[in-house]
Amino acid sequence: MQSRVGALEESKDPGGSISKTSHVRALPLRLIQFLLMFVVLGLGVSILSMHTIRYFGVQHMAPTEPSDVRSCFAEPNTLESWIRPPSSLLHSMNDTELLWLASCVPQVKEYPFKRTPKIAFMFLTKGPLPMEPLWERFFKGHEGLYSIYVHSLPSYSPNFSSSSVFYKRQIPSKLAEWGEMNMCEAERRLLANALLDISNEWFVLLSESCIPLSNLSIVYHYLSKSRYSFMGSFDEIGPYGRGRYNEHMAPLVNLSNWRKGSQWFEINRILAHKIVQDTTYYPIFRDFCKPACYVDEHYFQTMLTIETPHLLANRTLTYVDWSRGGAHPATFGKGDITEEFFKKITTSENCLYNNQPTTLCFLFARKFAPSALEPLLELASKVFGY
């Protein structure tokens, strides 16, 4: 009996040994197969992800939380970051967007920060500025009191040196034609770009043939102390005044409030906002004031006379000589530049300043030919004070 049991036990042992050995060998084989499948699957997912990123771009990846490193260098969302003037005058806004943005006006009148009011000098030109050296001398030493904006023909590429005050002061421009509405659109474009700098308080429209008749300190004092803005606006009886009125402008604009005045103005921030915000008078003048109605002599002048007559001095600070007749004013060349010539301009007329009589009626003058530059530079320090 014992021998049978022993035989049975002997017969079990070999079988048991074979089963255990087979199980131990099978386990590593399955593990290896599983690991190989995992590696192949991982490679497949990686290759698919790379092709997806290349095809769709990184911007289509799932959003991630902002990096702590990036937040350390991000500009703080402070008042200073909102009121700082644009670092570049070039932008991609169209006129509708630009005028809308420039129309935004804070309703609280007091500024919660230290603000030094500036004069925005806005040059409406065809191309070069032949009087640049004279203006450079005028601006020298008065940094922080002025800003410069240049609107030229889109085809013109300026070549101001990096040391010039006019360097990179060009705004996105469009065609502006004499007597056409696109001339007023260019002026609104200049105003709108200048209004984006919240420190600009006064706005002076100039051409490439304009010169300053006084130094910047006098100009700054004259504009900053005035209770009025300077835009010529008068009722001219005759074919070149009332004769340009179109009855289709009524009832918004009647003949009784139709006005004419110089294109060149010096206005404050309140009136600058009025001009860029306007959507009421613009279509009327666009549709019914066409040559021989020269819209740049009537649009702003009539609108502001209707809307804010109490804020107008009804005169311009830019001297122009129409005594020679014709459609354009006189142009002064090298032979005209004398001390007596400028003395006549600056003292021969009387006007009102803050309702008081004065002989200082003009701060700027035009039109000066390029040939006048050299004698102007020679007289500038003695006659103009700069």
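**Exercise 1. Find how many disulfides a search of the whole structure gives, and describe each link.**

Start with the count. A search of the whole structure finds 2 disulfides. A disulfide here is a pair of cysteine sulfur atoms within 2.5 Å. The model is predicted: local features need pLDDT of at least 70, side-chain atom pairs count only at pLDDT 80 or more, and totals for chains, interfaces and linings use all residues. Residues are numbered from 1 along each chain as its sequence is written, and side-chain values use heavy atoms, with hydrogens and water left out.

Step 1. Take Cys 289 and Cys 293. A disulfide joins them, S to S 2.0 Å. The angle about the S-S bond is -80°, a left-handed link. Cys 289 and Cys 293 are buried (under 20% relative accessible area; exposed is over 50%, partly exposed in between; 1.4 Å probe, protein chains only).

Step 2. Take Cys 351 and Cys 361. Their sulfur atoms lie 2.2 Å apart in a disulfide. This link is left-handed, with -110° about the S-S bond. Cys 351 lies in strand β7 (residues 351-353) and Cys 361 in the loop between β8 (356-358) and β9 (364-365), so the pair ties together parts that are 10 residues apart in sequence. Helices (H or I, at least four residues) and strands (E, at least two) are DSSP runs, numbered from the N terminus. Both Cys 351 and Cys 361 are buried.

Step 3. Write the pattern. Counting bonded cysteines along the chain gives 1-2, 3-4.

**Exercise 2. Explain why Cys 184 has no bond to the closest cysteine sulfur.**

Step 1. Check the distance. The closest cysteine sulfur, in Cys 289, is 8.1 Å from that of Cys 184, so it is too far for a bond.

Step 2. Check the burial. Cys 184 has a relative accessible area of 1%, so it is buried. Cys 210 also counts as buried, because its relative accessibility is 0%.

**Exercise 3. Place Gln 301 and list what it touches.**

Step 1. Gln 301 is found in helix α10. It counts as buried because its relative accessibility is 2%.

Step 2. Its side chain reaches the backbone oxygen of Ser 262 at 3.0 Å.

Step 3. Leave out residues up to four places away in sequence. Gln 301 then touches Met 231, Gly 232, Ser 233, Arg 259, Lys 260, Gly 261, Ser 262, Gln 263 and Asp 296. Contact means heavy atoms within 4.5 Å.

**Exercise 4. Work out what helix α8 packs against and what it gives to the second largest pocket.**

Step 1. Helix α8 spans residues 269-277, and its buried residues are Arg 269, Leu 271, Ala 272, His 273, Ile 275 and Val 276.

Step 2. These buried residues pack against α4 (95-102), α6 (181-195), β3 (200-207), β5 (266-268) and α10 (299-307).

Step 3. Look at the start of α8. A side-chain oxygen of Asn 268 comes to within 3.2 Å of the backbone nitrogen of Ile 270.

Step 4. Turn to the lining. Of the 26 residues that line the second largest pocket, Cys 104, Val 105, Pro 106, Ile 198 and Arg 269 are the closest to its centre. α8 gives the most to this lining, with 5 residues. α3 (79-83), α4 and α8 each supply at least two.

Step 5. Sort the lining of the second largest pocket by class. It has 17 nonpolar, 2 polar and 7 charged residues. Ala, Val, Leu, Ile, Met, Phe, Trp, Tyr, Cys and Pro count as nonpolar, Asp, Glu, Lys and Arg as charged, and the others, Gly among them, as polar.

Terms used:
A polar contact is a pair of N or O atoms within 3.5 Å; within protein, one must be able to donate a hydrogen and the other to accept it, and residues adjacent in sequence count only if both atoms are side-chain atoms. On a 1 Å grid over the protein atoms alone, a cavity is a set of points where a 1.4 Å probe fits but cannot get out, and a pocket is an open set with protein on both sides within 12 Å along at least five of seven lines; lining residues have an atom within 4 Å of a point.
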